[in-house]
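This report describes how several helices pack against one another in a single chain, and how that chain is divided into domains. The structure shown below is a predicted model.

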Amino acid sequence: MTLLQLQYIVKIVECGSMNEASHALYISQPALSSAVKELEKEMGIEIFTRSSQGIALTVDGVEFLQYARQILDQTELMKERYKNTKPRKQLCQVSTQHYMFAVEAFVDMINASDSEEYEFSIRESRTREIIESVANMRSEIGILYTSDFNRNVINKLLREKHLEFHPLFTAGLHVFISRENPLASRKKLTMDDLKPYPFIQFEQGEEGSFYFAEEARWPEYASKQINVTDRATILNFIVGLNGYTISSGIDNEDLNTEKIVTIPLDCDDRMLVGWITNERARLSHAANNYVEKLKEVIHRHGYETIED
């Protein structure tokens with residue numbers, strides 16, 4: 001299928017006959033008819049019915065015409081946008097698990113941007129959605145973690161999707177709890193200490209599993225459990241319900257100063273946080289800048305990046 005064939009279909013409909021369309025297109029009628037038949041054969045449908053009264057669109061032909069016009073309209077828009085000019089906007093799309101440091105780096109990247117025009121997107125998403133977004137090139141970069149528990153499953157999925165994992169830093173597990181929680185003064189916490197309190201985790205959808213959980217550790221049995229989809233809700237529930245969640249120890253200074261504190265979890269588990277890219281795509285200038293800002297933010301919070 002070619003754009004030229006789509007133009008032929010649209011012109012035939014506009015002219016109402018193959019003969020008039022061939023004149024308008026400056027090609028012979030047999031050549032036009034042959035191009036249409038080749039397209040019908042390729043698509044496996046009949047676009048026109050032919051009779052002594054002329055031609056008419058079939059039911060499939062009516063639907064095909066709608067798609068053809070959309071494609072041709074989009075093609076014209078692309079020509080207008082890019083012909084004899086270069087894209088002016090910087091573009092960058094990032095998908096991430098619910099990490100405050102990822103947003104902090106995104107803010108730094110935008111503030112450091114030297115472009116007069118840009119269009120940046122950051123999406124806090126489920127783990128599988130992050131992987132799919134980078135695989136389908138809706139996002140240039142995805143940010144997620146692996147651990148001893150999920151690493152084999154995540155790495156296998158990344159290989160299948162032609163994605164690369166770039167290690168950023170490792171971190172021990174920390175518990176996020178309210179400063180009003182009776183455990184807030186502890187130097188370390190165990191999972192047994194947390195049993196009386198609601199466990200709050202990010203919901204991973206119907207296709208989710210323990211391997212895609214954002215929490216690198218969870219209770220064997222939680223008598224009180226709340227599933228949420230966004231970071232603001234989980235933080236409000238930590239404060240309002242004396243709940244807890246488990247993540248890396250990187251937090252926001254304002255958050256830590258006000259209502260929430262992070263306390264190390266007494267365990268040997270580690271999170272390896274990194275960023276994923278599509279091996280078939282090159283990162284944009286803005287995406288490369290974002291990676292550098294990520295490293296700077298990690299350093300500011302007292303962690304060493306893997307390159308160090």
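## Helices α5 and α10

In this predicted model, helix α5 passes helix α10 in a right-handed crossing. Helix α5 spans residues 100–111 and helix α10 spans residues 285–300, and the two pack at an angle of about 125 degrees with their axes 8 Å apart. Because this angle falls outside the range of 65 to 115 degrees that counts as roughly perpendicular, and is not over 145 degrees, α5 is described as oblique to α10.

On the α5 side, the contact is formed by Phe101, Ala102, Glu104, Ala105, Phe106, Asp108 and Met109, while α10 contributes Ala286, Asn289, Tyr290, Lys293, Leu294, Val297, Ile298 and Arg300. Sorted by class, the residues in this contact of α5 with α10 comprise ten nonpolar, one polar and four charged.

## Helices α1 and α3

Towards the start of the chain, helix α1 (residues 3–15) packs against helix α3 (residues 29–43) at an angle of about 115 degrees, and their axes are 10 Å apart. The two helices are therefore roughly perpendicular to each other, and their crossing is left-handed.

In this pairing, Gln5, Tyr8, Ile9 and Ile12 of α1 meet Leu32, Ala35, Val36, Glu38, Leu39 and Glu42 of α3. By class, the contact of α1 with α3 consists of seven nonpolar residues, one polar residue and two charged residues.

## Helices α2 and α3

Helix α3 also packs against helix α2 (residues 18–25), here at an angle of about 105 degrees and with the axes 9 Å apart, which makes α2 roughly perpendicular to α3. The residues that meet are Met18, Asn19, Ala21, Ser22 and Leu25 in α2, and Gln29, Leu32 and Ser33 in α3. This contact of α2 with α3 divides into four nonpolar and four polar residues, with no charged residue.

Leu32 of α3 is listed among the residues that meet α1, and Leu32 is also listed among those that meet α2.

## Annotation and domains

An unreviewed UniProt entry carries the annotation "domain: HTH lysR-type", which covers residues 1–58. Over that span, the end C-alpha atoms lie 19 Å apart, and the secondary structure amounts to 62% helix and 14% strand.

The domain assignment of the chain gives domain 1 as 1–81, domain 2 as 88–168 + 271–299, and domain 3 as 170–268. Taken over C-alpha atoms, the centres of domain 1 and domain 3 are separated by 60 Å.

How values were computed. Residues numbered from 1 in each chain as written. Predicted model: local features only at pLDDT ≥ 70, side-chain atom pairs only at ≥ 80, totals over all residues. Heavy atoms only, no water. Axes fitted to C-alpha atoms, helices over the stretch in contact; angles between N-to-C directions. Helix = DSSP H or I, 4+ residues; strand = E, 2+ residues; numbered from the N terminus. Parallel < 35°, antiparallel > 145°, perpendicular 65-115°, else oblique. Left-handed = near helix turned anticlockwise from the far one by under 90°. Contact = heavy atoms within 4.5 Å. Nonpolar A, V, L, I, M, F, W, Y, C, P; charged D, E, K, R; others polar. UniProt positions renumbered as here; feature names shortened; annotations may be inferred. Domains from an automatic or database assignment.
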